[in-house]
Amino acid sequence: MKILIISHEYPPVGGGGANACMYLARQYALAGNEVHIVTVCFEGLPTNETISDYGEPIYIDRLPAKRANKEHCSFAEMLDFLIKARKFADKKVACAIRENQPFDVCQIFFGIPSGPVGLYLKRKYSLPYVIRFGGGDIPGFQERFAFIYKLIGPALKHIWKRADALVANSEGLRSLAQDFCDKYPILVFPNGVDTDIFSPIKDKEFSDDHIELLFVSRLIERKGLQYVIPYLREIETSSGRKIHLTIVGDGPYREILQELAEENGVSDMIVFTGQKGKSELPLYYQAGDIFVFPSKKEGMPNAVLEAMACGLPIVMSPCQGSSELIDGNGIISDSDLTKFKESIIAVVSAGREDLMRMSDRSRQRAQELFSWKSVAERYVNLFESIQTK
């Protein structure tokens, strides 16, 4: 099968959605499929790249669209990518048809900004397209785009209508999408995790007197660290264990969080490491004891999956994906995030045997339910079923 992927983010550009795109592309190639990716260029990256480490080659075309920040982009930057990706993809698909090697399917990451490209290619070339939702492409997910959601809502519904399949990565995200439009079926294929790269250290032990809390994500208000930092001293006192929090990531909310730590006298309990590369992350997960994730909204958080694969007990908010991720391996907090500290206290206060049981359960669930190979197989089966229609 020949698969075209349109995504405005691909590592090292972007976050969790970009990583999902990369890991799925690798698994498609390992399964013998030819993969072409149209994405955005960023300083220092090649405009064309062929990766041959995963069976069939993966061809990457990076377009010189406007992008000021590697981790995130504005709506104007998304629009710029959309315009350039539509033009480039048009030529690419036309060339493949002339060479009698047409694409079989187009996978869209995500409804915004890449959805219109899929719709255009289907109208002109009858190329089927599958939208993989990421969260921010669903109206209601990000408050900062409220006006834009309202403006593009009708067009977005038409893009969903013409799609050959719509896929969310969690039940919660599907529910959010259906709140916007419930006319079309939405499948749920979870995110995955590389359980070889992300794995526990051998002979992991929990201390009776010290707990290392870990948070990994982009530092924005929605991720919810403001519901953790002010209460670190209280968590320490209530649990009877020394508490330290390592925060891995960067973003526009970092300065506010640092000020919050100073105001509450807990700066000595926190380390802000800044942004780290994927190759560095396993070491941070392995050094942690408990992973905290108080996010208000998600698709299905990759960071939680990575923490699970490394054997960490999880304390997370009831955001999208939580119901699939947590089952005996941690706690889902109350929806009132001002009470998030209580869930942290409950897990931090657990005995070593209980913490080890949660640790083992996290690793088990990551291996059995969330491998990228199994997720990719579901997508390939979907693509093949579309071809036979």
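How many bridges join strand E3 (residues 48-51) to E4, and do the strands run parallel or antiparallel? In this predicted model, four bridges link E3 and E4, and the two strands run antiparallel.

## Strand E4 and its neighbours

The pairing of E3 with E4 places Ile-51 opposite Ile-58 of E4. Six residues lie between the strands of this hairpin, and Gly-55 there has a positive phi near 80 degrees.

E4 also pairs with strand E2 (residues 34-40), here through six bridges and in the parallel sense. Within that pairing, Ile-37 stands opposite Ile-60 of E4. Of the six residues of E4 (residues 58-63), five are buried, so the strand is largely enclosed by the rest of the structure.

## The sheet

E3, E4 and E2 belong to an open sheet of eight strands, whose order is E3-E4-E2-E1-E5-E6-E7-E8 and whose pairing is mixed. The edge positions are held by E3 and by strand E8 (187-188), each of which pairs on one side only.

At the E8 edge, strand E7 (residues 165-168) pairs with E8 in the parallel sense over two bridges. Val-167 has Leu-187 of E8 as its bridge partner. Helix H3 (residues 111-125) packs on the sheet, with contacts to E1, E5 and E6. The direction of H3 makes about 160 degrees with that of E5.

In a regular strand, side chains alternate between the two faces of the sheet.

## Helix H1

Does the length of helix H1 (residues 16-30) agree or disagree with what its residue count predicts? At 1.5 Å a residue, its 15 residues should span 21 Å, and the end C-alpha atoms are 21 Å apart, so the two values agree.

H1 is mostly covered, with eleven of its 15 residues buried. The buried set consists of Ala-18, Asn-19, Ala-20, Cys-21, Met-22, Tyr-23, Leu-24, Ala-25, Arg-26, Tyr-28 and Ala-29. Charged Arg-26 is thus listed alongside Leu-24 and Ala-25 as buried.

What do the buried residues of H1 pack against? Their partners are the strands E1 (2-7), E2, E4, E5 (105-109) and E6 (129-132), together with helix H13 (372-387). Strand E4, itself with five of six residues buried, is therefore one of the elements that H1 packs against. After H1 comes Gly-32, which has a positive phi near 95 degrees.

Notes: Residues numbered from 1 in each chain as written. Predicted model: local features only at pLDDT ≥ 70, side-chain atom pairs only at ≥ 80, totals over all residues. Heavy atoms only, no water. Buried < 20%, exposed > 50% of the residue type's maximum accessible area, 1.4 Å probe, protein only. Pairing = 2+ DSSP bridges. Expected span 1.5 Å × (residues − 1). Contact = heavy atoms within 4.5 Å. Axes fitted to C-alpha atoms, helices over the stretch in contact; angles between N-to-C directions.
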